There are 2 protein chains.
Amino acid sequence: MGSESDECSTAVILGVDGGTTSTICVCLPLLPFCEQHQLPDPLPVLGRAAAGCSNHNSVGENAARETLEQVINEALSRAGKNRSAVLAICLGVSGVNHPSDQERILNWMRNMFPGNVKIYVQNDAVAALASGTMGKPHGCVLIAGTGCIAYGFTEDGREARAAGAGPVLGDWGSGYGIASRALTAVVKAHDGRGPETMLTDCFLKSLGLASPDEIIGWTYADSSWARIAALVPLVVSCAEVGDQVADEILKNAVQELALSVKAVVQRLYLAGEDGSDSFPVVMVGGVLENNKGWDIGKEVIDSILKAYPGACTIRPKVEPAIGAALFAWNMMKEKEANGQSR
Amino acid sequence: MGSESDECSTAVILGVDGGTTSTICVCLPLLPFCEQHQLPDPLPVLGRAAAGCSNHNSVGENAARETLEQVINEALSRAGKNRSAVLAICLGVSGVNHPSDQERILNWMRNMFPGNVKIYVQNDAVAALASGTMGKPHGCVLIAGTGCIAYGFTEDGREARAAGAGPVLGDWGSGYGIASRALTAVVKAHDGRGPETMLTDCFLKSLGLASPDEIIGWTYADSSWARIAALVPLVVSCAEVGDQVADEILKNAVQELALSVKAVVQRLYLAGEDGSDSFPVVMVGGVLENNKGWDIGKEVIDSILKAYPGACTIRPKVEPAIGAALFAWNMMKEKEANGQSR
């Protein structure tokens with residue numbers, strides 16, 4: 001064992017973001033924790049590795065475990081470190097919803113790392129939140145990509161979620177929700193149930209179809225939610241040139257997304273008793289990305305601010321895997337501040 | 001060959017209803033056609049057989065063909081007839097949407113029957129319409145079971161449809177649409193996005209779940225649309241005892257279903273230029289069945305009548321397979337009246 005300063009210069013923290021399409025692991029040095037609370041910018045990433053899905057619901061437990069082990073070993077290898085250098089690891093993994101999910105992954109990690117390594121297992125929304133708060137697990141994160149979910153956390157460990165129930169259960173603010181409503185509008189315009197819309201020509205041209213009749217077959221030919229969600233930019237472009245149907249669909253999505261955040265804020269009293277306290281709202285995902293024209297993210301923020309003027313919206317500058325690493329760093333720092341040994 | 005009266009007493013007409021869950025074939029005598037235009041009540045069904053799905057989209061072409069051949073042979077066998085007794089056959093088969101679908105089934109039937117047998121291949125909505133109009137292909141049929149569709153036909157051969165695009169494309173009046181909205185309402189009440197509703201206790205008790213959180217897992221454990229749609233009676237029962245959320249969901253379904261019919265009526269001018277002409281609207285499917293309390297079918301009819309006072313709603317007394325047989329009978333009768341030989 002080296003001295004404490006040796007340990008600080010060689011020790012590392014790992015952050016894992018296990019999403020439904022890929023799993024990322026980053027390896028950060030412990031430097032900022034030893035020297036100051038102000039984080040360096042850019043953060044010195046020692047190693048980074050990517051692998052496939054680690055959601056056990058999608059790929060099964062064995063494949064999920066192998067993917068996590070592989071991506072961790074690869075990130076350490078690229079950083080020129082071995083497992084003994086790891087002081088803490090935080091895994092934010094999609095599909096972690098119950099204590100039993102947490103315990104399973106904790107057991108895998110205890111097999112990889114000796115007993116004194118701090119291991120934190122969370123839902124991937126925690127990694128997304130921490131990517132905006134630089135590690136602090138406090139506030140609300142809104143994720144809107146193919147799916148959507150609002151997740152909130154308080155410093156005393158309470159948490160709440162809204163939406164994130166998938167398309168059958170009405171995640172209308174998601175990319176899938178927006179695009180499926182737009183496809184529906186085209187079908188309705190075609191069969192006489194709805195007004196004409198520019199979405200028709202736009203979709204037919206983009207999908208290479210001859211008639212709206214063919215949209216039914218196109219939709220059910222492949223049940224992938226991401227394939228439908230990929231049409232969102234077409235909806236935005238139609239709304240930007242004044243199409244009322246597309247505009248209504250986006251306005252409705254904004255309402256749904258803002259409502260998810262408000263429900264979480266209210267249940268956790270994130271804005272305090274009178275609703276004016278300051279708290280972070282981290283915005284993540286393709287649907288919420290900055291856009292010069294019809295900006296869904298900006299509209300959602302405006303709606304949240306009307307209800308909670310203290311909401312402090314953040315668009316993260318680092319990826320969720322770094323958020324996970326910073327979460328681990330923050331937890332260690334808190335324990336140190338509380339006089340606990342690590 | 002026997003005399004004409006011999007032919008009438010031994011000849012039969014076949015009707016096939018090929019749905020997504022089962023295929024029914026009935027064998028009727030030609031008697032009413034020979035003697036009078038007034039049909040006997042009850043109709044003398046000589047033979048009836050049931051088999052599985054014959055939608056080629058679901059089971060493939062070979063299985064669809066085998067199912068149709070099997071159910072036809074079985075119905076003839078039970079009637080004590082052989083193929084040479086068949087004068088005409090009408091097949092209303094789900095998944096028949098394009099001329100190529102029609103041609104494929106026509107070819108199968110031409111292989112089964114000699115060239116002078118009249119063969120009619122239609123979408124299964126035609127069988128449902130004919131079950132209400134006793135064979136006349138004129139008017140609009142609204143089918144609302146697991147899915148929903150409005151289909152309209154005119155005596156000069158024009159046709160139009162509305163809805164029937166499946167759950168991704170917004171068939172909100174269907175059993176699946178009603179039940180998925182109700183499940184969504186339970187999730188929303190639970191996570192704070194929506195008002196409390198009796199649907200929560202009702203669904204949890206019926207599904208044997210402990211918490212609304214478990215509804216997400218229940219929903220995605222089995223993607224069968226019929227499994228979701230089977231929850232409709234629970235939604236109706238909650239609306240009947242005054243639950244506002246359930247009531248709103250049913251009112252919305254009524255609007256969607258009535259809109260589908262109105263769109264078809266308008267496109268085909270079924271109600272004439274001034275909207276007051278009389279035309280049949282045939283109502284089929286579990287969602288539209290008579291109900292002493294909250295009656296979805298009655299509300300749909302009321303909405304249609306407000307727009308088109310000449311709409312004559314019919315709840316069929318015979319099954320769609322008999323409708324198909326009567327369609328064939330009617331087509332033969334029309335040709336006879338027009339002086340054409342069969």
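This report describes the fold, surface and chain pairing of a predicted model.

Local features were considered at pLDDT of at least 70 and side-chain atom pairs at pLDDT 80 or more, while totals for chains, interfaces and linings use all residues. Residues are numbered from 1 along each chain as its sequence is written, chains are lettered from A in the order in which they are written, and side-chain values use heavy atoms, with hydrogens and water left out.

Chain A holds 14 helices and 10 strands, these being DSSP runs (H or I, at least four residues, for helices; E, at least two, for strands). Its radius of gyration, taken over C-alpha atoms, is 22 Å, which agrees with the value near 20 Å of a compact globule with 342 residues; that rule is 2.2 Å times the number of residues to the power 0.38. The C-alpha trace spans about 75 × 45 × 35 Å along its principal axes.

| Property of chain A | Value |
|---|---|
| Buried residues (under 20% relative accessible area, 1.4 Å probe, protein chains only) | 55% of 342 residues |
| Exposed area (Shrake-Rupley method, 1.4 Å probe) | about 14800 Å² |
| Share of exposed area from carbon and sulfur atoms | 48% |

A rotation of 180° with 0.1 Å of shift along its axis superposes chain A on chain B, with an RMSD of 0.1 Å, by least squares on the C-alpha atoms of residues with pLDDT of at least 70 in both. That is the relation of a two-fold axis, and in chain A the C-alpha nearest the axis, 4.2 Å from it, belongs to V168(A). Because 100% of the interface residues of chain A are also interface residues in chain B, the copies meet through the same surface.

Key
Buried means under 20% relative accessible area, exposed over 50%, partly exposed in between (1.4 Å probe, protein chains only). Contact means heavy atoms within 4.5 Å.
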